Amino acid sequence: MWILVFLCMLSLNITQAPVRGNSTQMYYATLIIDRSAIDKIYESLQKFIFKDSNVTISEIKMTTECKVQNEGIYPHKKCMCKQGYRWKDEVCSNTSHHDQEWCLHQPNSFPRCISNSSVGVTGNIQLDGDGYKGCLTVKSSDAYRTCNDNVTKAIQREYSLIRGFDTLGSLEYRVGSVIVNFAMKFASAVESQKLFSSSTILGRTLPGSLTLETTGFVSLKVPSSSVLYNSNASMNCTTEEDLNAEPKWTLKRKDGDFLITNGSISTVSISPKQTTVSLKQVNELWEGEYVCLFVQEQNGTTINHRANATMDICLKPIIETSAEPTFPLCKREIDIFLVTVKCTIKKSSENYTVTWNNDATPKGSTEEDDTQTYSAEKVIDCKKTSSSGSTSPSVSCTFTNQCNQTQTQHMMVSVIYVGDKYCVGEGDWGHTKANFTAQIKCRKQAGTRKRKCLLPSNGEGIWQDEVSECVEKNLYDVLESAKISDIGLGELSLNAAIVFERFKNVTKTSTLPGYANLDTSVTVLTTMNEKLSNSSLTNQTAIDDFLLSSSHLLNKSLESTWNTTPPEKLSSSMAERYMLSVEELISKSDIIAKSRNENLEALPCNVSSNCNNSVFNTTVSLLDAEKIKTIGFQNLANYLPCNNKSVPNSIIVSTTTETKSEVKISIDFQLNNPRPRNVELHCVFWNKTLNAWSTDGCKWEVNHNEGHCVCEHLSSFAILMSKEPLEVPGLNYVTYVALSVSVLSLISNLVIELIVWSDVVKTSTLYLRHIAHVNISLCLLIADLCFLASDPKNISELWCRTSVVLKHFCYLAMFFWMFCLSATLLHQAVFLFHKVSKKNYLRFSMVIGYFCPLLIVVITFLTNDGGIEGKYYSKDTCWLVYGGLFEGTIFTFIIPVGAIVFINVFSMLVVIMKLISHHTEIQQKTEISPEKEKAAAKTVMRSVILLTPIFGVTWIFGFAILVLDLTSGSLAYAVHYIFTVANGFQGLFILLTTCFGDRMTREALRKYFNKKAPASSVSESSTTMESKLKK
């Protein structure tokens, strides 16, 4: 017996809107007939049309064909769908009994196929006004029945006019004003425009907003069988008519819904009536339910045409292996023991078949958190398998998925055989074979801890320090999200915003201890920079999050982490990767206002002419450029590699612009530390090719403020300060030679004074002058000796401080004695007939010459923490400290010396004026020949030459040295040479002027040597003199 199900379309002319068309209703009939009569009956029904004034019956179709099977123990119906019809999933799903196109059902059931072009519609109307509140009352109430009838009739009246209208399900109501939910079925294809027309009219009857969602308008095809891991796949979505709407693809997974866009893995192509998603190298991220959606909006009505299908992917795991114990220790060659080998994977929906190599015994699996571990036991023989002992037992686990793809992981069990060197276990670390690295998985973190066992040339293994690669779980998840931000699951801009928001939260709430966390944070930035290489960042919230998180990474609390780099990472600079990534990300960001953060500031400038940006008190000036962005980095300069001769002395400033031509940029840096005297600053930029600072195209303009740099290109800029001051070439050699000559000259001077004292010092004036000469020579001698004996590189700190005190005192005493001498000469020149007693002069000179400098030295020493290094003296120079203008102990020497030199110069000028005045008086009384005029001029010049060294006038060049910095140029070098020569040879000049330049001293010295000459020499000399006189 055969059972046939027929579908007929009934058109009723008694519609409530006859002027607009006839409403339709679908009817289904089940016929039980003999198999032989099927064809004839079907042929007759195909031509059947019935019409009267109210009803038209047409389009009778056979949808389902069933055959009753009574044979066997279990009777059933065997049914199939006719051409153009299909089973509903709930009627004949993949889990039901079926045989190709046939589907098996219970004998008393009447299954029915539906048209391939049938359409389902669900919708909701948000009703306006108070006339429908009755629909929210109890269903048994009259108000509800009345309201529900009115709404039902209105919906059915409009949509039943669409040909193929089948059923309208029961209505449901919910609050939110009054919202009506309904569902309809159409037995045949429906045009979207007809839906819009009926919905527009319905909106007039039931005022409110209407949203419909259809199934059947759109067809979605996905691979029918599971897709191989890392293979390509495509999904095709088609429509019967051109909907004039942009398709939207969505992937639904357990962890959320993801918009599918063009990315590194997915490609979305669109053509009329068709859209396709092509995937390459699919993995577990692409498994789930795919939804193809077209959205149409018209006259306040929104229609969502939706199709969905699920794609299964055969997964392959990432396998982590481990062994317990990791390094089995053999104490005897005859020992045999078991090692537990583990293969750990992340939990997944894939049902893997796990196999081990032949000599490993499986021991089942265990689950923990989000991982699943499979274990096996391996028998280990302590007898070496080769003479060298280089081979170790191996174990492998193989995971096979439902598509018969395999993933195998091998593991070598490193056995510590008898005689092998190893590190004895300590703490968490078990015994480890020499030249191997032990690893321990981090607890509640991603990554591992590592510790290497080194084998010295002799002895047992030695543990190295532990290297932690543990990363905070939240931070690791952020990095994983960054890596897949461009694959096509979601729009890149939105994914970037999510990544930066999560990254901000992690860096804000976590101290990120350890190199691994900081390196991972920098990797997040470099990854996002790569993903956004062809895009721009316009989301202002995302930009703020990115800048704030980048600033957090430069916190002072992370300074030690920045400066701690594991040996294996030395080839790359983490700070460089950070700087370049942030710089490039900012260049891609649409920054509209200045962003101020603790350690990072970014400022745009959209002026096309002269642009001045200021970040962290550093001003950047740029001409003729467009869309300029300036970034300031605090603390970063301290983390970038720098040569051993310089140190960073400013923030790092980076400037970008869309102008491609050559530019000139001026930067006024605020120095971190004041520039010491004679120390050179270098304007540098980061050379990406050399991975180092470079001065090419940048110069330091010292004539401006000290932090002024001018460069001819754009990059990341900073100021480096030399660790050592500039040195005058050859100055040390000149100094030591000059001081050595000076010391010998001063010793000679003192010896000569001792020899000629009785013959020369015959008057009070001569006594006063020679007393001063002796003390000046003695003080200068001691000071020069201390200078020669105080090389900062070769003496102790104690002797350095002692020599500074002695030099400080002796040089001051020398100048104070020079003051005594100049005062004496000034007194004699002004008061010709006033005599000074030796006793009074000696008292005055001793007080001035020694007590005053001693008082200055003692007060300076005590007020600077007892002569502490850095305050009273500098270890680098073994001399007083210079801290700037009127800062430092050097001014306790400069100010007295300056005053004395000024007085001495004044005294010398008075003496010269007296000589000129005296010569003028003589000239007025008598005529003076030109020869006498020359002699007078020579007298003046001789006085200047004789008085200059003894009055310390040459020390005026020392004041010029204080004014002129060596960075000023050649003039400063020339002044240094003049000062060194003039004052280094001061002892020689004193010898020449006070001894050999003084007539009385020369005669007394000649007389002394004549007395010491042999008698024969004296007689011969007398005879010769007599002969000359006779002639």
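Here are four short exercises with worked solutions on the disulfides, salt bridges and one tryptophan of this predicted model.

Local features need pLDDT of at least 70 and side-chain atom pairs count only at pLDDT 80 or more, while totals for chains, interfaces and linings use all residues. Residues are numbered from 1 along each chain as its sequence is written, and side-chain values use heavy atoms, with hydrogens and water left out.

**Exercise 1. Disulfide handedness**

Find the handedness of the disulfides Cys66–Cys79 and Cys343–Cys397, and place each cysteine in its strand.

Step 1. Let's start with the criterion: a disulfide is a pair of cysteine sulfur atoms within 2.5 Å. The sulfur atoms of Cys66 and Cys79 are 2.1 Å apart.

Step 2. The torsion about the S-S bond of Cys66 and Cys79 is about 115°, so this disulfide is right-handed. It links distant parts of the chain, with Cys66 in strand β4 (residues 55-69) and Cys79 in strand β5 (residues 76-81), 13 residues apart; strands are DSSP runs of E with at least two residues, helices are runs of H or I with at least four, and both are numbered from the N terminus.

Step 3. For Cys343 and Cys397 the sulfur atoms are 2.0 Å apart. Here the torsion is about -100°, so the disulfide is left-handed. Cys343 sits in strand β24 (residues 336-346) and Cys397 in strand β28 (residues 394-400), 54 residues apart.

Step 4. Now check burial, where buried means under 20% relative accessible area, exposed over 50%, and partly exposed in between (1.4 Å probe, protein chains only). Cys66 is buried at 2%, and Cys79 is buried at 0%. Cys343 is buried at 2%, as is Cys397 at 1%.

**Exercise 2. Cysteines outside disulfides**

Which cysteine sulfur is nearest to that of Cys786, and which to that of Cys852?

Step 1. As background, a search of the whole structure finds 13 disulfides. Both Cys698 and Cys711, which are joined by one of these bonds, are buried.

Step 2. Cys786 is in no disulfide, and its nearest cysteine sulfur, that of Cys810, is 5.9 Å away. Cys786 is buried, at 6% relative accessibility.

Step 3. Cys852 is in no disulfide either; the nearest cysteine sulfur belongs to Cys820, 8.5 Å away. Cys852 is partly exposed, at 23%.

**Exercise 3. Salt bridges**

Give the N to O distance and the accessibility of both partners for Asp335 with Arg332 and for Glu480 with Lys483.

Step 1. The criterion is a side-chain nitrogen of Lys or Arg within 4 Å of a carboxyl oxygen of Asp or Glu. The structure holds 30 salt bridges.

Step 2. Asp335 and Arg332 bring their closest N and O atoms to 3.0 Å. Asp335 is buried at 17%, whereas Arg332 is partly exposed at 48%.

Step 3. For Glu480 and Lys483 the distance is 3.6 Å. The two are three residues apart in helix α4 (residues 473-483), so about one helical turn separates them. Glu480 is partly exposed at 29%, and Lys483 is partly exposed at 41%.

**Exercise 4. The surroundings of Trp757**

Where does Trp757 lie, and which residues does Trp757 touch?

Step 1. Trp757 lies in helix α10 (residues 731-760) and is partly exposed, at 28% relative accessibility.

Step 2. Taking contact as heavy atoms within 4.5 Å and not counting residues up to four places away in sequence, Trp757 touches Tyr767, His770, Ile771 and Val774.

Step 3. Finally, Trp757 and Leu1005 are 248 residues apart in sequence and 9.9 Å apart in space, C-alpha to C-alpha.
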